[in-house]
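This briefing walks through one protein chain, from its overall build to its pocket, its charged pairs and a few individual residues. Please keep the sequence and the 3D view at hand while reading.

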Amino acid sequence: MSEENKGYQLRIVTPERVFYEGEVEMVEFNTTEGQIGVLPGHIPMTVIVKPGILTITEPDGVKEAALHAGFAEILQDKITILAEIIEWPEEIDESRAESALQRAKERLERRDSHTDLARAETALQRAMARIEVLK
């Protein structure tokens with residue numbers, strides 16, 4: 001990798017705060033089209049975020065967070081993620097996440113006329129992301 005292409009800027013913003021801002025080597029997360037890994041010089045694109053684990057590779061290590069929904073603008077020298085909700089592992093209440101997972105599973109199993117399957121599946125994905133990032 002050339003000297004000027006070692007990293008790029010990552011900025012993650014939620015309605016409440018700037019969640020993360022800094023130079024990174026790589027970012028990985030789920031999109032509606034599948035999992036994506038972004039390195040410096042990536043082709044410019046905009047994607048829709050799907051619930052899952054966000055992995056940030058910094059020059060001195062790796063961080064993970066539970067990323068629930070939003071949009072990402074990817075440019076060759078920076079990426080901006082506008083997140084509906086994103087949480088560091090220490091911000092997650094494990095018992096609440098386990099309860100949410102159980103409720104989502106029950107709604108999907110019930111599948112009656114009152115069940116919104118898309119919402120139930122999204123709730124399940126969010127709960128699974130929260131639990132997975134705690135491991």
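Helices here are DSSP runs of H or I with at least four residues, strands are runs of E with at least two, and both are numbered from the N terminus. On that basis the protein chain, which is a predicted model, reads along its sequence as β-β-β-β-β-β-β-β-α-α. That pattern comes to 2 helices and 8 strands.

**Confidence in the model**

- The mean pLDDT of the protein chain is 88, and 93% of its residues reach 70 or more.
- Over residues 1–5 the pLDDT stays under 50, and for this stretch the model has 3 contacts beyond four places in sequence.
- Where pLDDT is low, the predicted coordinates should not be read in detail.

**Overall build**

- The C-alpha trace of the protein chain spans about 55 × 30 × 25 Å along its principal axes.
- Of the 135 residues in the protein chain, 41% are buried.
- When contacts in the protein chain are restricted to residues at least 6 apart in sequence, 51% of them join residues that are at least 24 apart.

**The largest pocket**

- The largest pocket holds about 210 Å³ of space, and its lining consists of Ile85, Ala100, Arg103, Arg107, Arg119, Thr122, Ala123, Arg126, Ala127 and Arg130.
- Both helix H1 (94–110) and helix H2 (117–134) supply at least two residues each to this lining, and H2 gives the most, with 6 residues.
- By character, the lining residues of the largest pocket divide into 5 charged, 4 nonpolar and 1 polar.

**Salt bridges**

- The structure holds 5 salt bridges, and three of them are described here, beginning with the one in which the side chains of glutamate 21 and arginine 11 meet at 2.7 Å, N to O.
- That pair links distant parts of the chain, with glutamate 21 in strand S2 (residues 18–24) and arginine 11 in strand S1 (residues 8–13), 10 residues apart.
- Glutamate 21 is exposed, at a relative accessible area of 52%, whereas arginine 11 is partly exposed, at 31%.
- Arginine 126, which also appears in the lining of the largest pocket, meets the side chain of glutamate 84 in a salt bridge at 2.9 Å, N to O.
- This pair, too, links distant parts of the chain, since arginine 126 lies in helix H2 and glutamate 84 in strand S8 (residues 78–87), 42 residues apart.
- Glutamate 84 is partly exposed, with a relative accessible area of 42%.
- Lysine 63 and glutamate 58 also form a salt bridge, in which the closest N and O atoms are 3.5 Å apart.
- Within that pair, lysine 63 is partly exposed, with a relative accessible area of 34%, while glutamate 58 has a relative accessibility of 13% and therefore counts as buried, the cut-off being under 20%.

**Residues in loops**

- Threonine 14 has its place in the loop between S1 and S2, and because its relative accessible area is 9% it is classed as buried.
- Leaving out residues up to four places away in sequence, threonine 14 touches Phe19, Ala83 and Ile86.
- Histidine 42 sits in the loop between strand S4 (34–38) and strand S5 (45–49), and it counts as buried because its relative accessibility is 16%.
- Residues up to four places away in sequence not being counted, histidine 42 touches Ile36, Gly37, Ile74, Leu75 and Gln76.

**Threonine 80 in strand S8**

- Threonine 80 lies in strand S8, the strand that also holds glutamate 84.
- Its contacts, leaving aside neighbours within four places in sequence, are with Arg11, Phe71, Ala72 and Glu73; of these, arginine 11 is also the salt-bridge partner of glutamate 21.
- Threonine 80 and aspartate 93 are 13 residues apart in sequence, and their C-alpha atoms are 27 Å apart in space.

Note on methods: Residues numbered from 1 in each chain as written. Predicted model: local features only at pLDDT ≥ 70, side-chain atom pairs only at ≥ 80, totals over all residues. Heavy atoms only, no water. 1 Å grid on protein atoms, 1.4 Å probe; cavity = no way out; pocket = protein on both sides within 12 Å on 5 of 7 lines; lining within 4 Å. Points joined across faces, edges and corners; volume = space filled by probe spheres on them. Nonpolar A, V, L, I, M, F, W, Y, C, P; charged D, E, K, R; others polar. Salt bridge = Lys/Arg side-chain N within 4 Å of Asp/Glu carboxyl O. Buried < 20%, exposed > 50% of the residue type's maximum accessible area, 1.4 Å probe, protein only. pLDDT = per-residue confidence, 0-100. Contact = heavy atoms within 4.5 Å.
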